[in-house]
Amino acid sequence: MGALFVNRDAGGPATGAVVVVDVLRAFTTAAYAFAAGAREIILVADVAEALRLKRANPRWLAMGEYGGRRIDGFDLPNSPVQAAQADLGGRTIVQRTSAGTRGVVATVNAQRLWCTGLVCASATARAVSEAGLGGPTYVITGDWPGRPDLSGLDDRATADFIESVRTGAPLDPRDAARAVANSEEAARTLALGAGHVDPADVQYAVDVDRFDFAMEATREARGLVLRRT
């Protein structure tokens, strides 16, 4: 069965295996947070919800952005570089971003649900294949309907590479990395400036298959919980 590729608003009805893609930068940042020792990440759509959970759980950290920019009261911005440099051993993180976490929270009918960027692309492809649910639906969170300036080509290049791994089709990872690094979203990201983005964030995002784990989200009483698998 072939894969489907849908925009950020069309993931809700998707069933079976669903892969939510945000390479710049939500799920790249999440992957580096796991590599830095984070135990789990609670994914939320709203800033207020993230801050409420942080207040209710003083040892939890809040990570993310609004409009790409760091949020007052959050411990970390949406930066893979800063996540990689943080001491996150055993910590629970609440993550909120404008595209990635909002897109995954809206995907309510998936049987299995993964979040990804290029840094864990092949591990995600293997996890989807091993699930045995057929062709996945890729939610391209950077593709905002009605916003031709936000077409999500960086996320689509990432999804295409993951699907090529899943199906055994030849696709050079260097091509995927170049497509993301040269995208309009990469330029917008770097233009956010100090405090909101590290100059090496895009470089960290295009390090294809840096990690050998996938990230799967499950719905629990506490909410939508992302873990490395």
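This passage describes the overall form of a predicted model and then turns to its helix 1.

The protein has 229 residues, and its secondary structure comes to 9 helices and 9 strands. Taken along the principal axes, the C-alpha atoms fill a box of roughly 45 × 40 × 35 Å. A compact globule with 229 residues would have a radius of gyration near 17 Å, and the 16 Å found for the protein agrees with that expectation. The chain is therefore as condensed as the globule rule would suggest, on the basis of this agreement.

Burial and contacts add to the picture. Of the 229 residues, 54% count as buried. Among contacts with a separation of 6 or more, 77% are accounted for by residues 24 or more positions apart.

Turning to the surface, the protein exposes about 9,500 Å², and carbon and sulfur atoms supply 50% of this area. The protein carries 25 positive and 27 negative charges; the mean positions of the two sets are 5 Å apart.

Helix 1 offers a local view. This helix spans residues 26-35 and is mostly covered, with 9 of its 10 residues buried. The buried set includes the aromatic residues Phe-27, Tyr-32 and Phe-34, together with Ala-26, Ala-30, Ala-31 and Ala-33. Thr-28 and Thr-29 complete the list of buried residues in helix 1. Just after the helix, the backbone at Gly-37 takes a positive phi of about 110°.

Notes: Residues numbered from 1 in each chain as written. Predicted model: local features only at pLDDT ≥ 70, side-chain atom pairs only at ≥ 80, totals over all residues. Heavy atoms only, no water. Buried < 20%, exposed > 50% of the residue type's maximum accessible area, 1.4 Å probe, protein only. Helix = DSSP H or I, 4+ residues; strand = E, 2+ residues; numbered from the N terminus. Rg over C-alpha atoms; globule rule 2.2 N^0.38 Å. Contact = heavy atoms within 4.5 Å. Areas by Shrake-Rupley, 256 points an atom, 1.4 Å probe, with all protein chains shown as cover. Lys, Arg positive; Asp, Glu negative; His and termini not counted. Charge placed at Lys NZ, Arg CZ, Asp CG, Glu CD.
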